[in-house]
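Hello,

Here is the structure I promised to pass on to you. Please have a look at it first, and then read my notes below.

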Amino acid sequence: MKNRASGFPLIRAEMRKAGLPEPVFKDEGCMFTVILYNSTHRNA
């Protein structure tokens, strides 16, 4: 699959530009999850 994962650098750059935390990418075997934070405050 050409261009697979090509959007990841763009997502990271845009999040950084907006002053937001890095996205979290989770490869869970048969499922892939992306967590995008819309605030600089994260509940741990």
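To begin with a question: of the contacts in the chain with a separation of 6 or more, what share comes from residues 24 or more positions apart? The answer is 6%. Please keep in mind as you read on that this is a predicted model.

**Overall layout**

The chain contains 1 helix and 2 strands, and their order along the sequence is α-β-β. It has 44 residues, of which 7% count as buried. The chain's accessible surface is about 3900 Å², and carbon and sulfur atoms contribute 55% of that area.

**The hairpin**

The two strands run antiparallel and are joined by 4 bridges. One pairing you can look up directly is that of Lys26, whose bridge partner in strand 2 is Thr33. Together, strand 1 and strand 2 make a hairpin, with 4 residues between them. Within the turn, Gly29 has a positive phi of about 80°.

**The salt bridges**

I found 3 salt bridges in the structure. Let me take them one by one.

Arg12 and Glu22 are joined through their side chains, with an N to O distance of 3.2 Å. Arg12 belongs to helix 1 (residues 8-17), while Glu22 sits in the loop between helix 1 and strand 1 (24-27), so this salt bridge ties together parts that are 10 residues apart in sequence. Both partners fall in the middle class of accessibility: Arg12 is partly exposed at 31% relative accessibility, and Glu22 is partly exposed at 37%.

Glu22 also forms a salt bridge with Arg16, where the closest N and O atoms are 3.5 Å apart. Arg16 counts as exposed, with a relative accessibility of 53%. Through shared partners, the salt bridges link Arg12, Arg16 and Glu22 into one network.

The salt bridge between Glu14 and Lys17 has an N to O distance of 3.4 Å. How far apart are Glu14 and Lys17 in helix 1? They are 3 residues apart, which means that about one helical turn separates them. As for accessibility, Glu14 is partly exposed, with a relative accessible area of 39%, whereas Lys17 is exposed at 65%.

As general background, side chains of opposite charge can pair when their charged atoms come close.

**A nonpolar patch**

Which residues make the nonpolar surface patch of about 330 Å²? They are Ile11, Phe32, Val34 and Leu36. Of these, Phe32 lies in strand 2, which covers residues 32-35. Phe32 counts as partly exposed because its relative accessibility is 42%. When you look at the hairpin, it may help to recall that in a regular strand the side chains alternate between the two faces of the sheet.

**Where to look**

If you have only a few minutes, I would start with the network of Arg12, Arg16 and Glu22. After that, I would turn to the patch made by Ile11, Phe32, Val34 and Leu36, and then to the hairpin turn with Gly29.

I hope you enjoy looking through it, and I would be glad to hear your thoughts.

Best wishes

Terms used
Residues are numbered from 1 along each chain as its sequence is written. This is a predicted model: local features need pLDDT of at least 70, side-chain atom pairs count only at pLDDT 80 or more; totals for chains, interfaces and linings use all residues. Side-chain values use heavy atoms; hydrogens and water are left out. A salt bridge is a side-chain nitrogen of Lys or Arg within 4 Å of a carboxyl oxygen of Asp or Glu. Buried means under 20% relative accessible area, exposed over 50%, partly exposed in between (1.4 Å probe, protein chains only). Patches are made of residues with over 30% relative accessible area and no salt bridge: like charges are joined within 9 Å, nonpolar side chains (Val, Leu, Ile, Met, Phe, Trp, Tyr) within 5 Å. Accessible areas come from the Shrake-Rupley method with a 1.4 Å probe; for residues, only the protein chains shown count as cover. Two strands pair if DSSP finds at least two bridges between them. Contact means heavy atoms within 4.5 Å.
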